[in-house]
Amino acid sequence: MLLSVILLILPTVPAYVLNYPAFLVASAIGLIIVLYIMYSNRTWETLKGKVVGTYFSGVFAVGVTLGIFFSAYSKPKLFAETGLIFIIPFIVQFLLLLKNILPSMISKDLLYFSNGYVPFLLVLIIGSVIGRFLSSFYPLIILYSGTLVVAILVFLYFRRSG
């Protein structure tokens with residue numbers, strides 16, 4: 001638990017005070033800790049190791065993301081470009097874990113999982129990603145509201161009555 005808190009705070013505090021060099025050093029320390037955990041647990045061999053690696057790299061990625069969020073009003077591009085480098089271990093670990101879990105997850109039951117909320121969230125995420133890559137939020141408010149309407153319709157379609 002303490003290691004999780006440390007990995008969360010390391011990049012967040014320097015970014016909150018807008019100190020880029022401290023953010024860089026603290027994030028590098030967090031990255032070294034995550035890489036050590038990944039190496040010591042051999043996260044590329046067993047499913048348990050992949051879960052452990054995904055957890056700790058995910059906690060660190062959340063800390064980096066919070067740091068980017070806190071610095072967004074001042075120097076968003078500088079912190080975001082650096083943060084993208086530091087979340088690479090999470091992306092790698094997540095893909096390694098997904099390779100083991102995805103074949104068992106893909107089925108018709110996934111659409112009905114949690115009473116229709118999974119397809120609802122999938123439609124919202126896909127619509128927001130497409131909208132974000134096209135332009136900024138305000139000119140595409142119609143796309144976002146249309147995605148929300150389609151997501152609600154998908155939710156109602158896959159929802160089980162009863």
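The exercises below, each with a worked solution, concern a predicted model of a protein chain.

**Exercise 1. Overall make-up**

Determine how many helices and strands the protein chain holds, in what order its elements run, and what share of its residues is buried.

*Solution.* Begin with the count of elements, which gives eight helices and zero strands for the protein chain. Next, read the elements from the N terminus on, where the order is α-α-α-α-α-α-α-α. Finally, turn to accessibility: of the 162 residues in the protein chain, 31% are buried.

**Exercise 2. The packing of H1 against H2 and H3**

Describe how helix H1 is placed relative to H2 and relative to H3, and classify each pair by its angle.

*Solution.* The approach follows from a general convention, in which two packed helices are described by the angle between their axes and the distance between the axes.

Step one takes H1 together with H2, the helix of residues 20-40, and here the axes lie 7 Å apart while the packing angle is about 160°. Angles over 145 degrees count as roughly antiparallel, and therefore H1 and H2 are roughly antiparallel to each other. The handedness completes the description of this pair, since H1 passes H2 in a left-handed crossing.

Step two takes H1 together with H3, whose axes come within 7 Å of each other and cross at roughly 20°. That angle makes H1 roughly parallel to H3, because angles under 35 degrees fall into the roughly parallel class. In this pair the crossing is right-handed as H1 passes H3.

**Exercise 3. A nonpolar patch on the surface**

Identify the residues that form the nonpolar patch, state their accessible area together, and work out which helix gives the most to the patch.

*Solution.* The members are Met1, Val5, Leu8, Ile9, Val13, Val62, Leu66 and Phe69, and together they have about 750 Å² of accessible area on the surface. Assigning residues to elements shows that helix H1 (2-16) and helix H3 (47-70) each supply at least two residues of the patch. Of the contributors, H1 gives the most, with four residues.

Two members can then be examined individually. Val13 is found in helix H1, and its relative accessibility of 46% means that Val13 counts as partly exposed. Phe69, in contrast, lies in helix H3, and with a relative accessible area of 59% Phe69 is exposed, because the exposed class begins over 50%.

**Exercise 4. Positive phi in two loops**

Locate Leu18 and Arg42, and explain what sets their backbone phi values apart from the general expectation.

*Solution.* The expectation comes first: most residues other than glycine have a negative phi. Leu18 has a phi near 60°, a positive value in a residue other than glycine, and Leu18 is found in the loop between H1 and H2. With a relative accessible area of 23%, Leu18 is classed as partly exposed. Arg42, for its part, has a phi near 45°, which is again positive in a residue other than glycine, and Arg42 is found in the loop between H2 and H3. At 37% relative accessibility, Arg42 counts as partly exposed.

**Exercise 5. Separation in sequence and in space**

For the pairs Phe69 and Ala15, Leu3 and Gly30, and Glu81 and Ile68, give the separation along the sequence and the C-alpha to C-alpha distance.

*Solution.* Start from Phe69 in helix H3, which is 54 residues from Ala15 in sequence, whereas their C-alpha atoms are 8.5 Å apart in space.

Continue with Leu3, a residue placed in helix H1, for which a relative accessibility of 31% gives the class partly exposed. Leu3 and Gly30 are 27 residues apart in sequence, and from C-alpha to C-alpha they are 10.0 Å apart.

End with Glu81, which lies in helix H4, residues 76-86, and which is partly exposed at a relative accessible area of 46%. Between Glu81 and Ile68 there is a separation of 13 residues in sequence, and the C-alpha to C-alpha distance is 9.4 Å.

Key: Residues numbered from 1 in each chain as written. Predicted model: local features only at pLDDT ≥ 70, side-chain atom pairs only at ≥ 80, totals over all residues. Heavy atoms only, no water. Patch = residues over 30% accessible without salt bridge, like charges linked within 9 Å, V, L, I, M, F, W, Y side chains within 5 Å. Areas by Shrake-Rupley, 256 points an atom, 1.4 Å probe, with all protein chains shown as cover. Salt bridge = Lys/Arg side-chain N within 4 Å of Asp/Glu carboxyl O. Buried < 20%, exposed > 50% of the residue type's maximum accessible area, 1.4 Å probe, protein only. Axes fitted to C-alpha atoms, helices over the stretch in contact; angles between N-to-C directions. Parallel < 35°, antiparallel > 145°, perpendicular 65-115°, else oblique. Left-handed = near helix turned anticlockwise from the far one by under 90°.
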